[in-house]
Amino acid sequence: MNILDKIVANKKKEVAYSKNRTSYTKLEESEYFHRDVYSFKDFLLDENRTGIIAEFKRKSPSKGIINDKVTVKEVTTAYAAAGASALSVLTDKQFFMGRKADVMRARKLNTIPVLRKDFMIDEYQVIEAKAIGADIILLIAAILTPAEIQTMASLAKSLGLNVLLEVHNLEELERSINPNLDAIGVNNRNLADFTVSVETSFQLAKHIPDEFLKISESAISNTEVIKQLKQAGFNGFLIGENFMKEENPGAAIREFVKGL
Ligand SMILES: O=P(O)(O)OC[C@@H](O)[C@@H](O)c1c[nH]c2ccccc12
């Protein structure tokens, strides 16, 4: 079994457990369920912001522990203050050391969009994303059928959430695209074997229709690449490790944005 299969197998169990523990009714009673959602597009295209979607990630299957010493509060507020257009917060526990409470905390402390970063396989998680305060959900083409993407994306839209579809190649892009998506993210990391190449973004850019926001995800470690990605038509840049690997991720993003 490759890592993605393991993650999905574990996620199925986790979702079954959550469904048992917290009913749909309970989720809909959450204080965050009834609220205005921040528009991903407005913040990404805001000239006063950087287009960076800055990620809070303690651990990953490819790198192991990245940083388990910092708090959601210090990191996410520093990201936002440095001009991040959105925050990405991992909620997968087993493989990324994330928690749903991390999204709730990021939501409470910040006034920019929050992406719930997880492996969505069930509509329950979409409702849950809204209930914990997320504005954006991630749908990963590699683990979902086109029909599942369609169903989860339209549910998300009906709740006012923004939808980011993640693809890794042209085949995934072509089979998965549908009008309920707001943004297409090209993952430069192959989730099945962890190899990384920003070339993936450059290659796929021209195949993404202009009505969607274009995001380049993973392995972005310098501002030169961002300039090139902008030239190629990208509006957003999802960066995790490059900031999180530092003792002070807030200082790292502040330094980084000076180069933009
Ligand atoms: O830490 P990086 O290389 O900057 O990557 C961030 C982000 O793109 C990566 O964490 C990611 C992209 N797609 C995902 C799907 C699930 C979990 C994590 C991810």
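Tutor: Angles between helices under 35 degrees count as roughly parallel, over 145 as roughly antiparallel, 65 to 115 as roughly perpendicular and the rest as oblique. The model is predicted, with pLDDT of at least 70 required for local features and 80 or more for side-chain atom pairs, while totals for chains, interfaces and linings use all residues. Residues are numbered from 1 along each chain as its sequence is written, and side-chain values use heavy atoms, leaving out hydrogens and water.

Student: How are α4 and α5 placed to each other?

Tutor: Helices here are DSSP runs (H or I, at least four residues), numbered from the N terminus. Axes are lines fitted to C-alpha atoms over the stretch in contact, and angles run from 0 to 180 degrees between N-to-C directions. Helix α4 (residues 72–81) packs on helix α5 (residues 100–109) at about 50 degrees, with axes 10 Å apart. α4 and α5 are therefore oblique.

Student: Which residues of α5 does α4 meet?

Tutor: Contact means heavy atoms within 4.5 Å. On the α4 side are Val72, Lys73, Thr76 and Thr77, and they meet Asp102, Arg105, Ala106 and Leu109.

Student: Is the crossing of α1 and α6 left-handed or right-handed?

Tutor: Picture one helix in front of the other: if the near helix is turned anticlockwise from the far one by less than a right angle, the crossing is left-handed, and if clockwise, right-handed. The axes of helix α1 (residues 3–21) and helix α6 (residues 123–131) come within 10 Å and cross at roughly 60 degrees. The crossing of α1 and α6 is left-handed.

Student: How is α6 placed to α7?

Tutor: The axis of helix α7 (residues 146–158) comes within 9 Å of that of α6, and the two cross at roughly 25 degrees. That angle makes α6 and α7 roughly parallel.

Student: How many nonpolar residues does the contact of α6 with α7 have?

Tutor: Glu123, Val126 and Ile127 in α6 meet Thr151, Met152, Leu155 and Ala156 in α7. By class (Ala, Val, Leu, Ile, Met, Phe, Trp, Tyr, Cys and Pro are nonpolar, Asp, Glu, Lys and Arg charged, the others, Gly among them, polar), this contact has 1 charged, 1 polar and, for nonpolar, 5.

Student: How far is a polar backbone atom of Glu241 from an oxygen atom of the ligand?

Tutor: Glu241 is among the closest of the 17 residues that surround the ligand. For comparison, a polar side-chain atom of Arg189 lies 2.8 Å from a ligand oxygen. For the polar backbone atom of Glu241, the distance to a ligand oxygen is 2.7 Å.

Methods:
Near = heavy atom within 4 Å. Polar contact = N/O pair within 3.5 Å; in protein donor to acceptor, adjacent residues only side chain to side chain.
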